[in-house]
Amino acid sequence: MQVEDLILISVDDHVVEPPTMFDAHIPAKYKDRAPHVVKGPDGGDLWAFEDGFAPNVGLNAVAGCPPEEYGLDPTEYTQMRPGCYDADERVRDMSAGGVLAGINFPTFPHFCGQLFLRAKDKDLALASVRAYNDWHIDEWAGAHPDRLIPITLPVLWDPELAAEEIRRVAAKGAHAVTFSENPTKLGLPSYHTEYWDPFLRACADNDVVVNIHIGSSSSMNITAPDAPPEVMIALTPVNSLMAVTDLVFSGIFKRIPNLQMALSEGGIGWLPYALERADYVYQHHHAWTFTDLGGRLPSQVFYDHIWTCFIDDPVGVKLRDQVGINKIMWELDYPHSDSTWPHGPEKLFKDLAGVSDADINKITHENAMRAYSFDPFTIRPKEKSTVAALRAEAADVDIETKSMGRRKAEADSGNAALLGSVAATGANR
């Protein structure tokens, strides 16, 4: 297999929501209070909701932008590639980058809808969550059902309402929901209770994968206030390490045996040690802690229930059997600052050196198709889904890096803390 032959599905990209997204979906009585875009006093486009604002942070939309213009300042739509917020332009950028399909996580509501959790008016919040989900399913993913895989927001403040919404969106064809890697950081009950069982059972019963993105706890790991931003960015997989450890010991999968969850943007190279350590601890301590995993080791729980993905992780690919080859997926992370667009296929192909064609197909698209009940080949022929075929369709797309006229965020001793609070949530808190 050559790089041109790859068929790529990215299980972690992001949408910068367009200003008009609520127009056709929010009930009439809430139209005057629905989230809407305003101009910030110092520039930038902000989402206004109740008495707060959520900026489009610069790092969240840097596709095609030179690194020297990366930063934390609020960004205007005119300073982004249209593919960030326009579904038609998104698939053109995907084709230019050789990518067949992708899942697009939210931006302004934060990674799992924390903005609506903080709302004072929960009726308005519920209407906004439902409107968001309808827009994402019907307009965003619905515009290109062979290219965009829908993912929905949960109702974070009520597990019964959350279960009801899962049943509603699953009936519309959505088989992915985003959720928090650590609900306690959001002031909610932990995974070590049965509080979330109604929601999680609804997901399991409707073949909906629960996706936990790094930063979906509205917190990131920061070693020191004066550490450079690279420290926090390099440590982002630690959030997923903590989430995995939490989940495999939680008992959730014993109570809900058909539940499937996915780690989003956490990488995979660290997993063999994390699972080895969890098994060691369980074997040495469960006799006195009375932890009951139903006769399985933590690693077995992981392999049965949790999917993984990576952007660029050659070590993880080498350890793919210990990670779990049947549940490893790939991600592009467009249009975020970690993204490899438009050279994702070439970056990935280097990681795949020496890997069998069968394993390559699992990692690049077959596992994602199984996880998310997604079959693009019912719409688009497989021979038109390769890197080469897609790029040929988008030969006119300009993929050159060029200035977008952005201000550069000021660097100071508090940069890491600022990045942790802003980039993790995508908004002011």
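**Loops, cores and side-chain contacts**

Reader: Between which two elements does the loop with proline 342 lie?
Author: Proline 342 sits in a loop of a predicted model, where local features need pLDDT of at least 70, side-chain atom pairs count only at pLDDT 80 or more, and totals for chains, interfaces and linings use all residues. Residues are numbered from 1 along each chain as its sequence is written, and side-chain values use heavy atoms, leaving out hydrogens and water. Elements are DSSP runs numbered from the N terminus: helices (H or I) of at least four residues, strands (E) of at least two. The loop of proline 342 runs between E11 and H13.

Reader: What is omega for the bond from tryptophan 341 to proline 342?
Author: Most peptide bonds are trans. The bond from tryptophan 341 to proline 342 is cis. Its omega is near 5°.

Reader: Which residue precedes proline 335 across a cis bond?
Author: Proline 335 lies in the loop between strand E11 (328–330) and helix H13 (344–351). The bond leading into proline 335 is cis, with omega near 0°. The residue before it is tyrosine 334.

Reader: What is the relative accessible area of glutamate 265?
Author: Glutamate 265 lies in the loop between E9 and helix H9 (271–289). Most residues other than glycine have a negative phi. Glutamate 265 has a positive phi, near 65°. The residue counts as buried (under 20% relative accessible area; exposed is over 50%, partly exposed in between; 1.4 Å probe, protein chains only), because its relative accessible area is 11%.

Reader: Which is phenylalanine 290, buried or exposed?
Author: Phenylalanine 290 is in the loop between H9 and helix H10 (298–305). Phi is positive in phenylalanine 290, near 65°. At a relative accessible area of 70%, phenylalanine 290 is exposed.

Reader: Which helix gives the most residues to the largest nonpolar core?
Author: A nonpolar core is a set of buried Ala, Val, Leu, Ile, Met, Phe, Trp, Tyr and Cys residues joined through side-chain atoms within 4.5 Å. The largest has 96 residues, and Phe22, Phe108, Phe116 and Leu259 have the most contacts inside it. With 9 residues, its top contributor is helix H3 (residues 122–140).

Reader: How many residues are in the other core, apart from the largest?
Author: This core lies apart from the largest one. Its members include Leu100, Ala101, Ala371 and Tyr372. Its residue count is 21.

Reader: Which histidine does leucine 259 touch?
Author: Contact means heavy atoms within 4.5 Å. Residues up to four places away in sequence are not counted for leucine 259. Its partners include Leu200, Cys203, Ala204, Ile252 and Phe253. The histidine is His305.

Reader: Which side chain makes a polar contact of 2.9 Å with glutamine 260?
Author: Glutamine 260 lies in the loop between H8 and strand E9 (261–264). A polar contact is a pair of N or O atoms within 3.5 Å; within protein, one must be able to donate a hydrogen and the other to accept it, and residues adjacent in sequence count only if both atoms are side-chain atoms. At 2.7 Å, the side chain of glutamine 260 meets tryptophan 307. At 2.9 Å, the partner is lysine 327.

Reader: How far is the C-alpha of asparagine 182 from that of serine 219?
Author: Asparagine 182 is in the loop between strand E7 (176–179) and helix H5 (197–205). Its side chain makes a polar contact of 2.5 Å with the side chain of threonine 184. Asparagine 182 counts as partly exposed, because its relative accessibility is 21%. Serine 219 is 37 residues away along the chain, and the C-alpha separation is 9.3 Å.
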